[in-house]
Amino acid sequence: MKKIDVQKQILKIAPVVALLILFAVFYMVGTIKDINVAYGMKAIINQSVVVAIVATGAVFIYTLGSFDISLGASVAVSALLGGIVYNATKSILLMLAVCVGIAVLVALFNSVLASVFNLPVFVTTIAMLSILNAVVLMLISANGTGSQIAVPSEAVAGLDNLGIKVLVLFLFEALCIFVFNFTKIGRKQKFLGSNPVCAKLTGISDKKMSIVAFVMSGIGVGLGAFLCIIYAPTLTKNTATSVGMDVIIAIVFGGMPVSGGARSKITAALIGAFSMTFLSQIMILFNLNLGIGQMVKAAIFLFVVFVATSNQRAKMLPR
Amino acid sequence: MVKDTIIEVKHMEKRFGSTIALNNVNITINRGQIIGLIGENGSGKSTVTSIISGMQRADSGEMIFRGEKWQPDSMLYALDHGIGMIVQENGTVPGITVAENIFIGEYEKFKSFSAGNGRKWGFIRRRQMMAAAEKVLDNIGVTHIAPEMLTGALDLQDRKLIEIAKIINKNPDVLIVDETTTALSQIGRDIIYKIMNRMKEENKAVIFISHDLDEIIRVCDALTILRDGKIIITFKKDEFDEQLIKTSMIGRELQGDYYRSDYDGSYESEVVLEIKNVQLNNRLKDFNLQLHKGEILGIGGLSHCGMHELGKVLFRSIMPDAGEVLVHGKNIKDEAEAMKQKMGYVAKDRDIESLCLNASIRDNIAIAGLDEFAVNNFLVLPNKESKYVQEQIDSLSIKCTDKDQYVSALSGGNKQKVVFGKWIGRGSEILILDCPTRGVDIGVKQAMYQLMYTMKKAGKSIIIISEEMSELIGMADRLVVMKDGRIMKEFPRSKELCEADIIQYMI
């Protein structure tokens with residue numbers, strides 16, 4: 001008979017259950033308050049999709065036990081350059097290519113920098129955050145009109161529909177699940193995150209795996225930047241500012257272990273991104289202001305980390 | 001000396017899911033006694049002691065310690081109240097100094113000012129802490145470890161010694177030593193034997209878990225044997241009989257050979273692995289060695305003689321300052337290339353270097369065999385992976401609930417089988433085994449020795465690095481003795497070879 005660890009099973013399904021509960025609460029409160037729930041759902045998908053895509057790519061970095069704090073700024077720079085290129089060429093495809101290309105280049109630069117200087121990846125991403133924020137300001141002042149760069153809304157209006165967004169999300173999610181669960185790369189990523197010493201002695205190159213992780217994350221950032229332009233074609237210095245933090249919260253909220261490793265899951269990003277948006281919408285329905293909403297999110301973040309690591313801490317503390 | 005009872009375990013039961021770990025266990029330990037607790041991996045030894053030491057709780061039963069009911073809720077509580085355990089795994093924090101590890105949880109006593117309520121405040125007086133740590137280390141006879149050193153920079157043995165110092169500093173009435181000696185060289189072992197004997201003289205008690213029967217017979221006053229979570233028998237010192245103990249442990253007589261029985265030390269002339277003029281700090285000095293096809297090469301010496309570093313240099317996980325490592329005449333530059341040349345490396349520090357404890361058996365075995373079953377060397381199909389892993393589990397008889405069980409939940413012997421499965425599954429032709437039978441019971445040891453011999457017969461080449469001379473004598477075609485980074489002596493396989501012949505070249 002199989003040994004069933006109840007706590008592990010609960011922790012495994014908890015993020016999905018939390019998402020379903022949040023959906024139910026949103027539906028009930030929305031119905032009671034007589035709002036258009038279907039319209040609300042569309043808004044939730046619109047808001048979630050960018051964070052979900054960026055977070056899905058970022059899972060590769062988190063699996064290695066590291067994190068990238070510059071993701072939001074990278075989305076902003078990629079979107080701004082994509083917008084500039086569109087305004088110069090009027091080509092949507094080129095805009096998409098620039099968004100993805102720039103994001104991948106930034107990600108590669110991060111990982112190569114970490115490899116060259118032998119630094120923890122998150123250290124280089126802190127430096128990158130400052131650089132990218134400066135680039136955002138420079139791009140806007142050099143190319144924009146006043147304090148923004150605007151892509152004509154009629155140019156992207158045809159793409160601003162849920163079908164395309166969900167399709168992009170689905171395709172990227174499928175790619176990541178495939179790479180993560182069905183290729184040597186994914187297996188090596190998880191093993192490296194679990195125990196870098198043992199991974200090295202099993203012939204796994206941490207530098208190569210780090211580069212792959214950042215490339216996957218870069219693709220997610222690029223696609224996120226493209227969808228940002230479609231959703232809000234007027235780009236300012238505030239574009240995607242909250243994405244970086246939302247990605248971190250979403251990944252943890254979706255049940256991803258904070259230490260990465262073998263228990264990492266791609267779907268954590270998707271579940272977490274939608275759960276977070278439902279939570280934000282529920283707080284709006286209860287007329288909670290933005291400040292209180294942020295505090296509630298922070299409290300939930302701490303609670304989730306506390307519960308997710310309770311088993312681990314109980315084992316470690318006595319030593 | 002009064003031989004009164006110090007701790008008593010009554011009707012203890014413990015289950016992990018459907019697995020019965022302890023079944024009505026009763027043990028009585030007297031003052032002034034060193035009691036050995038032995039049994040196969042997974043027999044319940046560590047479960048009993050982990051409950052006594054507060055690491056976990058029993059499902060039922062009771063414990064009496066110094067005449068009072070004993071129910072510790074943590075290891076810290078147990079240690080503060082008289083029971084300390086030196087654990088099998090790593091019990092130190094790597095990112096802090098040796099002194100900080102020794103006094104972990106007690107930093108307050110090094111603060112400057114008294115708050116009047118028994119508590120203190122102010123900055124921690126670092127110099128005072130270092131001096132106190134030095135005294136604690138001196139007290140157990142360890143003089144080569146500086147208190148200000150970062151713990152993570154030390155090797156397994158030294159980290160273990162720090163842990164011993166930390167426990168002994170709390171002056172426990174009962175000391176539990178859980179398979180600690182397997183991580184120690186003879187010097188380390190002597191330190192722990194002295195501590196155990198001192199505790200015995202002070203009318204305290206020691207519970208000693210080890211798979212080294214010679215050691216346990218020599219050191220203990222009584223032996224309690226556990227099998228499948230039950231107490232089988234307790235022997236007094238005058239009843240010790242090695243064969244009877246072995247039979248009681250495994251529930252049957254050991255069939256077949258323990259080591260290999262032949263004294264034919266022949267192998268093929270083809271050199272498969274060669275190390276030329278290697279220099280590594282002071283660990284290896286102008287080192288040259290050849291391994292041949294179908295050879296079992298034993299490398300022995302004291303723990304710090306350089307043999308463990310040699311294993312890593314051979315697998316290219318340490319870059320030497322000079323010299324080269326050739327596999328089939330080809331220079332290799334890293335572990336990945338070594339693996340391409342069908343090399344495998346079993347590290348001494350199994351839990352850190354050979355396994356991911358928080359990953360499954362599947363993850364651990366499959367990771368080294370990806371090249372073997374991945375379609376087009378890229379695509380991992382779950383059914384192919386499962387088949388590959390299950391083959392290793394079956395062929396090595398790994399005791400587990402299923403292949404998705406976490407390795408951390410396995411006993412020492414089964415963990416080591418997973419490591420073997422990792423390398424054997426991918427068809428390794430050259431195996432470097434650093435202390436391959438550390439912390440495994442005699443049944444598993446015998447199986448591993450027979451596996452090595454079968455591999456030799458199949459033309460595979462094996463290097464066994466070990467501090468156990470008996471296993472080198474028992475298994476090697478050729479035995480090299482190292483001292484201070486150099487080869488001191490080479491012995492061919494011989495019926496006449498004995499430990500005394502070797503030891504004179506080690507020390």
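These notebook entries record what I looked up in a predicted model of a complex.

**Entry 1. Confidence**

I began with the confidence of the predicted model. For the complex, the predictor gives an ipTM of 0.86 and a pTM of 0.79. I then took the chains in turn. Chain A has a mean pLDDT of 88, with 93% of its residues at 70 or more. Chain B has a mean pLDDT of 91, and 97% of its residues reach 70 or more. I also noted a stretch of chain A to treat with care: over residues 313-319 the pLDDT stays under 50. For these residues the model has 7 contacts beyond four places in sequence.

**Entry 2. Domains of chain B**

I looked up how chain B is divided. Its domain 1 covers 5-92 + 156-250, and domain 2 covers 96-149. Domain 3 is made of 255-342 + 429-507, while domain 4 runs over 355-428.

I then examined domain 1 and domain 2 of chain B, whose C-alpha centres lie 28 Å apart. Their contact takes 13 residues from domain 1 of chain B and 11 residues from domain 2 of chain B. On the side of domain 1 that touches domain 2, helix 5 (156-168) and helix 6 (186-201) of chain B are the elements that give two or more residues. Helix 5 of chain B gives the most to this side, with 7 residues. Sorted by class, this side of domain 1 has 8 nonpolar, 2 polar and 3 charged residues.

**Entry 3. Where the chains meet**

I turned next to the contact between the chains. Here 35 residues of chain B are in contact with 23 residues of chain A. On the chain B side, helix 2 (75-80), helix 10 (335-340), helix 11 (350-354) and helix 12 each supply at least two residues. Which helix of chain B gives the most to the side that touches chain A? I found that helix 12 of chain B does, with 4 residues. By class, the side of chain B that touches chain A has 20 nonpolar, 11 polar and 4 charged residues.

**Entry 4. Helix 12 of chain B**

I followed helix 12 of chain B further. Of its 8 residues, 8 are buried, so the helix is largely enclosed by the rest of the structure. Its buried residues include Ile361(B), Ile365(B) and Ile367(B). Arg362(B) and Asp363(B) are also among them. I then asked what these buried residues pack against. The partners are helix 8 (184-194) of chain A together with helix 13, helix 14 and helix 15 of chain B.

**Entry 5. Helix 14 of chain B**

I took up helix 14 of chain B, which spans residues 382-395 and has 14 residues. From its first C-alpha to its last it reaches 20 Å, close to the 20 Å expected at 1.5 Å a residue. Its buried residues are Glu385(B), Tyr388(B), Val389(B), Gln392(B) and Ile393(B). Seen down the axis of helix 14 of chain B, these fall within an arc of 135°, so they line one face of the helix. The face turned away from the buried side carries the exposed residues Asn383(B), Lys387(B) and Asp394(B). The buried residues of helix 14 pack against helix 12 (361-368), helix 13 (370-373) and helix 15 (412-424) of chain B. Just after helix 14 of chain B, I found that Ser397(B) takes a positive phi of about 50°.

**Entry 6. Positive phi within strands**

I checked two further residues of chain B for the same angle. His11(B) is not a glycine, yet has a positive phi of about 50°. This residue lies in strand 1 (residues 5-16) of chain B. His11(B) counts as partly exposed because it has 13 C-beta neighbours inside 10 Å.

Asn277(B), also not a glycine, has a positive phi of about 50°. I located Asn277(B) in strand 13 (residues 271-280) of chain B. Is Asn277(B) buried or exposed? Asn277(B) has 12 C-beta neighbours inside 10 Å and therefore counts as exposed; the cut-off for exposed is 12 or fewer.

**Entry 7. Val305 of chain A**

I closed with Val305(A), which has its place in helix 13 (residues 290-308) of chain A. Because it has 14 C-beta neighbours inside 10 Å, Val305(A) counts as partly exposed. Leaving out residues up to four places away in sequence, Val305(A) touches Val252(A) and Val258(A). I also looked up Lys265(A), which is 40 residues from Val305(A) along the chain. The C-alpha atoms of Val305(A) and Lys265(A) are separated by 16 Å.

Key. Residues are numbered from 1 along each chain as its sequence is written. Chains are lettered from A and ligands numbered from 1 in the order in which they are written. This is a predicted model: local features need pLDDT of at least 70, side-chain atom pairs count only at pLDDT 80 or more; totals for chains, interfaces and linings use all residues. pLDDT is the predictor's confidence in each residue, from 0 to 100. Two residues are in contact if their C-beta atoms, placed from the backbone, lie within 7 Å. The expected span of a helix is 1.5 Å times one less than its number of residues. A residue is buried if 20 or more other C-beta atoms lie within 10 Å of its own, exposed if 12 or fewer, and partly exposed in between; C-beta atoms are placed from the backbone. The arc is that of the directions from the helix axis to the C-beta atoms. Domain bounds come from an automatic or database domain assignment. Ala, Val, Leu, Ile, Met, Phe, Trp, Tyr, Cys and Pro count as nonpolar, Asp, Glu, Lys and Arg as charged, and the others, Gly among them, as polar.
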